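Here are some notes on the two ligand sites, as requested. Please read them with the structure open.

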Amino acid sequence: MLDLGAPEAPQRQQIGPDAWLLKGFALKDADALLAAIEHVAAQAPFRHQITPGGYQMSAAMSSCGAYGWVTDRHGYRYSALDPQSNQPWPTMPALFGELAERAARSAGFAHFAPEACLINRYTTGARMGLHQDKDEQDLNAPIVSISLGAPITFLFGGAHRIDPTSRWLLEHGDVVVWGGESRLYFHGVSPLGKKASHPQTGAVRYNLTFRKVR
Ligand code: MD3
Ligand code: FE
């Protein structure tokens with residue numbers, strides 16, 4: 001008999017070695033996630049950080065959890081304090097950690113316990129150039145990302161900057177898990193399109209990334 005699978009089973013698409021796109025995995029939790037982002041941002045407002053090269057990032061950023069990611073003229077690092085307030089970052093909402101753990105588990109990474117959640121906020125034209133995430137000490141732990149709001153094109157390269165990139169549309173509720181070999185692959189996002197919008201956020205996209213830092 002023809003088996004169409006479980007109704008509304010989220011699709012799991014392999015986009016690289018140990019890298020999985022979980023289409024719609026966070027859809028049911030999207031409203032609660034957006035509310036929790038507001039709550040975090042009330043304590044640690046979004047800000048455009050400066051890279052060591054002196055450029056202001058086009059994506060605004062905040063963090064929650066035991067560590068946040070900071071960049072300034074001196075370099076990139078994880079910090080237990082928000083340099084803007086000199087206070088600890090807001091507590092990671094319980095839903096964030098639970099959802100990240102479940103997503104990692106469904107991609108084959110059991111017992112993922114994120115210590116940091118970086119929150120990127122993109123408005124029209126904001127982008128993130130190709131880069132590697134290598135400020136974390138434990139590169140065996142995966143990174144989990146959750147996309148909310150307006151859709152964006154994600155660029156996924158390889159181990160070397162010159163490697164060809166594939167393009168993936170990341171939409172409201174999508175989750176991606178990167179581990180193993182893909183963990184150090186180059187990646188970025190294209191500028192948020194002029195027409196990109198979502199009923200709940202307008203022309204804004206949020207991306208949450210969950211990381212084990214130490
Ligand atoms: C692939 N963020 O915060 S999603 C970042 O959409 C970042 O805001 C993008 O790149 C965004 O560092 C892309 C996530 C992502 C995060 C970490 C990765 C993709 C990754 C690590 C390795 C490979
Ligand atoms: Fe990254």
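The points below take the iron site and then the site of ligand 1.

1. The model is predicted, and every value here is computed from it.

2. Which residues hold the iron ion (ligand 2)? The protein donors are His 131 and His 187, each through NE2, and Asp 133 through OD. These donors lie 2.0 to 2.3 Å from the iron ion. Along the sequence, the spacing of the donor residues is H-x1-D-x53-H.

3. Asp 133 belongs to the loop between β9 and β10, whereas His 187 is in strand β14, so this pair ties together parts that are 54 residues apart in sequence.

4. Ligand 1 occupies the largest pocket. Its surroundings comprise 18 residues, of which Asn 120, Tyr 122, Asp 133, His 187 and Arg 205 come nearest. Asp 133 and His 187 thus appear here and also among the iron donors.

5. Polar contacts to oxygen atoms of ligand 1 involve three of these side chains. An N or O atom in the side chain of Arg 205 is 2.8 Å from a ligand oxygen. For Asp 133 the corresponding distance is 3.0 Å, and a polar side-chain atom of His 187 also lies 3.0 Å from an oxygen of ligand 1. Of the 490 Å² that ligand 1 exposes when taken alone, the protein buries 98%.

6. Which strands supply the shell around ligand 1? At least two residues come from each of β8 (116-122), β9 (128-131), β10 (143-149), β14 (187-189) and β15 (205-211). The largest share, four residues, is from β15.

7. Sorted by class, the shell around ligand 1 contains seven nonpolar, seven polar and four charged residues.

Key. Residues numbered from 1 in each chain as written. Chains lettered and ligands numbered in written order. Predicted model: local features only at pLDDT ≥ 70, side-chain atom pairs only at ≥ 80, totals over all residues. Heavy atoms only, no water. Near = heavy atom within 4 Å. Polar contact = N/O pair within 3.5 Å; in protein donor to acceptor, adjacent residues only side chain to side chain. Areas by Shrake-Rupley, 256 points an atom, 1.4 Å probe, with all protein chains shown as cover. 1 Å grid on protein atoms, 1.4 Å probe; cavity = no way out; pocket = protein on both sides within 12 Å on 5 of 7 lines; lining within 4 Å. Sits in = over half its atoms within 2 Å of the grid points. Nonpolar A, V, L, I, M, F, W, Y, C, P; charged D, E, K, R; others polar. Donors = N, O, S within 2.8 Å, 3.2 Å for Na, K, Ca; no water.
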